[in-house]
Amino acid sequence: MSDKKVRVRFAPSPTGGLHLGGVRTVLFNYLFAKKHKGDFVLRIEDTDQNRYVEGAEQYILDCLKWCGITPDESPVVGGQYAPYRQSERKPIYRQYAEKLVAEGHAYYAFDTAEDLDKKRKEVPNFQYGLATRNGLRNSLSLPLQETEKLLHDGTPHVIRIKMPEGETVNFNDMIRGHVSFETNQVDDKVLLKADGMPTYHLAVVVDDYLMKITHAFRGEEWLPSAPVHILLWEYLGWKADMPEWAHLPLILKPDGHGKLSKRDGARLGFPVYAMNWWDAKTNELTPGFRELGFLPEAFLNLLAMLGWNDGTDQEIFSLDEMIEKFSIERISKAGAKFDFEKAKWYNAEWIKRTNAETLKLKVWDILKANNVIVKDEAYLLKVIDTIKDRCVLLTDFYQQAAYFFQQPAEYDLNAVKPKWTDAKTDFFNAFIGILSSTETFDAAELEAKFKALAEEKGLKAGDVMLPFRIMLVGGKFGPHVFDIAKLLGESETIIRIEKALEAFTA
């Protein structure tokens, strides 16, 4: 690695929701930058105005905020290389495109959309490049005077790179090692569009140079574009400043066949976006991990493990631990299969590790959204500590916590009534008496007295334990039943037993 300060960037297009693969690219950029005391830059690549979606940029910013990843430079916080939206940098790009034309590395193309559509119908797998450029309407095929007249008259045109003939483009990828491409296989990409906006190919090179980006992490799907970008770095005279490349492996469908898409998530019942995304154009809601009930710490942890490990058996990492242990050498070349059950395991582990105070507001909001009123903050903290080991998703706190704040509206009578006897009614009436005279309402003491009474009444403790649970919570769920009783307290426990006895004996 060079002595230059590490500078990386995440450069999304504001065209829709943020796929978990995009968030993993953010994460790996961020981990690398912070590991090397460098800068993480957020740059919005909004040059394709036809695909621009209102609200998408704010959504990207909100996703990063939820994840706890703060850019050092961005459209919001600014920085010495502002502006950070490419649409606001439009005047910058043409000079570089014109320089490429002047030096013979690019050319003007005047073909209309209709011309190109006609060509695609005539030529199977048509590519605008070495084999076809001379038969098309551009400054390579037209006489100089005609080209100059078309430009003078303001004829709409694009600028395309002129891919060289018979060359091999070689570069080193930090993940894949040596990579090479034959230039004859690559088409003449558009660099500057008719509206004066750059395409990704030109803008990414110019902006990475001007913003002094040292390392470029991006998805494997951009690998075929690498030879165009490398040649642009060379043609513009900036090759000595070219960033080091790392093309990240794909996140694959659960069966390993192909890249994971939002359609796969919809089909298999799990999210693929960081947060809920509402597309105003299509009126389509794509669900997100946040709304499903994932902690951001768990979301980042599971993403990091899709393609990276630290060489040990450790699976649970905080963001600080990931920064400390991250290395490019430990990123796999192969795609990583997405496993939603494993994703939920990460979340459950993070809920267990997170203290009640940190979880408090999230749980409070979930309960409030389900019309469960919480009045006592200290009591809520005790409830969270009692039940958090049973929650896989944050949304599970509703079912697991609601009965601590409100009496069951109904009971799982099918689990109780078929085996109900007068002896059990007698047992619980006697237990009410014991509860009334208990001075210290301790879970272990309650359990001992409960079991002693069952033995005295000639009952198996297990035969009355399930009914007791259903009396308190309404169903066959929840933590240790005597821990529930302890938290509810003597008076509320007695009230619930009496109320349930009426239902059980009706």
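These notebook entries record what I looked up in the structure.

**Entry 1. Model and salt-bridge count**

I note at the outset that the model is predicted. I searched the whole structure for salt bridges, and the search returned 36. I then examined several of these pairs one by one.

**Entry 2. R290 and E291**

I looked up the contact between the side chains of R290 and E291, which form a salt bridge with an N to O distance of 2.9 Å. I also checked accessibility for both partners. R290 has a relative accessibility of 36% and is therefore classed as partly exposed. E291, at 30%, is likewise partly exposed.

**Entry 3. Helix α12**

I turned to helix α12, which spans residues 340–353 and holds both K344 and E341. These two residues are joined by a salt bridge whose closest N and O atoms are 3.2 Å apart. Their spacing along the chain is 3 residues, about one turn of the helix. I recorded K344 as partly exposed at 22% relative accessibility, and E341 as exposed at 53%.

**Entry 4. Helix α13**

I next looked up K360 and E357 in helix α13, residues 356–369. Their salt bridge brings the closest N and O atoms to 2.8 Å. Because K360 and E357 are 3 residues apart in this helix, about one helical turn separates them. Which of the accessibility classes does K360 fall into? K360 has a relative accessibility of 9%, so it counts as buried; the cut-off for that class is under 20%. E357, at 44%, counts as partly exposed. I then looked for salt bridges with shared partners and found that R9, R43, E45, R89, D207 and D208 are joined into one network.

**Entry 5. Strands β5 and β6**

I followed the side chains along strand β5, residues 168–173. V169, F171 and D173 point to one face and are buried. T168, N170 and N172 point to the other face and are not buried. Such alternation between the two faces of the sheet is what a regular strand shows. What is the sense of the pairing between β5 and β6? The two strands pair in the antiparallel sense over 6 bridges, with β6 covering residues 177–182. Within this pairing I located V169 opposite F181 of β6. The connection from β5 to β6 is a hairpin through 3 residues.

**Entry 6. Annotated motif**

I consulted the UniProt record, an unreviewed entry, which places a short sequence motif named 'HIGH' region at residues 12–22. In the model, the end C-alpha atoms of residues 12–22 lie 8 Å apart. I recorded this span as 27% helix and 0% strand.

Key: Residues are numbered from 1 along each chain as its sequence is written. This is a predicted model: local features need pLDDT of at least 70, side-chain atom pairs count only at pLDDT 80 or more; totals for chains, interfaces and linings use all residues. Side-chain values use heavy atoms; hydrogens and water are left out. A salt bridge is a side-chain nitrogen of Lys or Arg within 4 Å of a carboxyl oxygen of Asp or Glu. Buried means under 20% relative accessible area, exposed over 50%, partly exposed in between (1.4 Å probe, protein chains only). Helices (H or I, at least four residues) and strands (E, at least two) are DSSP runs, numbered from the N terminus. UniProt positions are given in the numbering used here, feature names are shortened, and annotations may be inferred rather than shown by experiment. Two strands pair if DSSP finds at least two bridges between them.
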